[in-house]
Amino acid sequence: MSTTALGRAATSGKLTAVVLFLPPALVLFTLFVILPVGEAAWYSGFNWNGFGRPTNWIGFTNYDYVFEARAFGLALRNNVLIIVISLGIQLPLALTLAILLAEKFRGAVALRMLFFLPYVLAEVATGLIFSFVYDGDYGLLAGVWRFFGAEPPHLLASTQTSMLAILIVVVWKYFGFHMMLFIAALQGQDQHLVEAARIDGASRWQVLRHITIPLLYPTIRLSVFFAVVGSLQLFDLVMPLTRGGPADSSQTMVSFLYSHGVTRMRIGYGSAIGVILFVICVTFAVTYKRWFMRDD
Amino acid sequence: MNAIKHSLYAAAAVLAVSAGPSLAQTTVKWMHLEVNPAQIKIWEEVAREFEAKNPGTKIEMQFLENESYKAKLPTLLQSNDRPHIIYSWAGGVLKAQVEAGVLADITDQTKDTAATISAGAMSAFTRDGRVYGLPFAQSQVGILYNKELMAKAKVDGSAIKTWDDWLAAIKALKAAGVTPLTVGGADKWPLHFYWTHLAVRLGGKAGFEAALKGQNGGFEGEVFQKSGDLMKQIVDLQPFQNGFLGFKNPQSTGFFGDGKAAMSLVISTVYHQQKALAADKVGITDDKIGWVNFPSVPGGKGEPTDTLGGINGWLVTKGAPKEAVEFVKHFVSKDVQMRLAGAGFLIPVVKGADEAISNAFMRNIAQNLARSNYHQNFYDQDLGPSVGRVVNDATAELAGGSMTPRQVAKAVQDAFKQGN
């Protein structure tokens, strides 16, 4: 008698919690995620300029147009490029700095703050600042070039270098964030393991290779996740720097969506890009969580 | 409690009766894109005058930045809070708005005003005989030049009459070590002037209208292929400033104002802007600045007097109070037009208002526009936001060397076929 009553109390308590706490999240999620995505999917079947109701149903033609567009290929390539650079340069850089700065020495905190500062800066402001830095006539970079007696390049004006210029800013802006993630993880590590290894005669390198870094794996996986999702969302840094140009050479998926969908009043076409981007993001998020972050 | 309520109602009723019409406030929401504070000052004066003449009406000015205005407008127009008067460049966007039924048909209320406006400008805001807005300003695209720099290469800007004259001038300037042309290539539309003005010269009005109907190969036809070929002749001379594809339009305008390039193919209003955007805020002074119309081309079917430029106007949205139409009519009245023209802010559309232009430079532009029988609106407005942007993209790529004239024409025609 008393045990069933207790059990009932426990389940009803759980039920109350579910009834109380689930709806707000569910409503918000439905309202701001499910519905817009569904709407975008619906619009993507129309040739529609945003005025009135969509009536001109064209099926999957918008998707054909997207896949045919050269800018789409370039945007995809650039997004992959950003991911590769984030993983290949940014993360190792962040990890190295984190390992150096996680230890306590004079100036460590100041250095951490310094490296973290770019992340605090707003994206648009960063983009504007760097558009001045890169300016081939009056910019800082032009000054450096002239100092060595060379003709300064216009990095943002060439299809060959525009993406390079953006990648430099991306790495500069976000490595501090990943460094902070690593530092936090490093400081949470159990120092006894390191001490034990040192007593057993492990060298600094061995400790790093076999203890510190393996213990960081969950954080590294998280950091990779952030880097990839962040690269897929990259937009506000690109707009003030190049607006995706010249000749779409520095377009990302989102800037492509904006400049070819929204500003052209091609809501159907833009929605198709949005749906494609959504599918890419969801596929990545689900598989990554399933394969790599299962144990975290 | 009830007593208090009743007495409150009574008081309110008394107040309403005694105050009369002044309580029946109508607010007219007027959305604009103007950034020049000197011009806005005059606009505000005009609004206050209108309020004084029409008690009970309040004109509320709302501002949006150019690009965000274009992006936001479709949503804005379909909300309950839509502005009553909106800015327009006519063309394809106006067409879409008319078809969507978000604009008010103001044909009957504006008959008398429409008769005072030049027919060409008025036709831009007329669709199937119905009037949806009133124009208030127009502009011309042409070659702005710096007399001092031209003299260095012993070139006379005013003598540029033909395409070959222009090519020769560019070559001479290059040889003299002067940057011949500056352009805001990052914004793309400054580059589309080359291609489209060539098409105006090559095909004339008939050529453009045929392309719209899909005749002669549409925008892939001979006229547009040749426009690309000729534009490429200019591009091949490498006449633009270093890094021109990274320059936004204001930067390029400042570059001209700083006296770093001899010429620029621009909208006539750049005459003012280059002063404001020059590093010294003085820019190229009136004695050193020149303007010459786009040169004629061999075999061109267009008249040399044909012009490319913009037509700007105000539209009244559906459900707007009648005061909105009255205000627009007031805004394009001869008196207000003369005031704005006199201050040099615009080329008026009301007949006779150009007499107020005291500035010789602007006077010349006004005369060019008055002489023109075919004033082509900017392609990126006229063809609608989607096809228009493809024209901008493709011509910028032609300038950057990543597209051939043939590909440009094909890209435009493909976009035209895809529709919106």
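In chain B of this predicted model, confidence differs between the elements: helix α1 of chain B, residues 2-19, has the lowest mean pLDDT among them, at 49. At the other end stands strand β8 of chain B, residues 179-181, with the highest mean, 97. Part of the low-scoring region can be placed by residue number, since pLDDT stays under 50 over residues 10-23 of chain B. For that stretch the model has five contacts beyond four places in sequence. Taken as a whole, chain B averages a pLDDT of 89, and 94% of its residues score at least 70.

Chain A also averages a pLDDT of 89. In chain A, 96% of the residues score at least 70. Which element of chain A has the lowest mean pLDDT? Helix α1 of chain A, residues 2-43, has that place with a mean of 81, while helix α7 of chain A, residues 162-187, has the highest mean, 94.

The next topic is the complex. The predictor gives the complex an ipTM of 0.75 and a pTM of 0.82. Where the chains meet, 20 residues of chain A are in contact with 25 residues of chain B. On the side of chain B that touches chain A, at least two residues each come from α3 (66-77), α4 (91-100) and α17 (384-400) of chain B. Of these residues, α17 of chain B supplies the largest share, six. How many residues of each class does this side of chain B have? There are ten nonpolar, eleven polar and four charged residues on the side of chain B that touches chain A.

Key. Residues are numbered from 1 along each chain as its sequence is written. Chains are lettered from A and ligands numbered from 1 in the order in which they are written. This is a predicted model: local features need pLDDT of at least 70, side-chain atom pairs count only at pLDDT 80 or more; totals for chains, interfaces and linings use all residues. pLDDT is the predictor's confidence in each residue, from 0 to 100. Helices (H or I, at least four residues) and strands (E, at least two) are DSSP runs, numbered from the N terminus. Two residues are in contact if their C-beta atoms, placed from the backbone, lie within 7 Å. Ala, Val, Leu, Ile, Met, Phe, Trp, Tyr, Cys and Pro count as nonpolar, Asp, Glu, Lys and Arg as charged, and the others, Gly among them, as polar.
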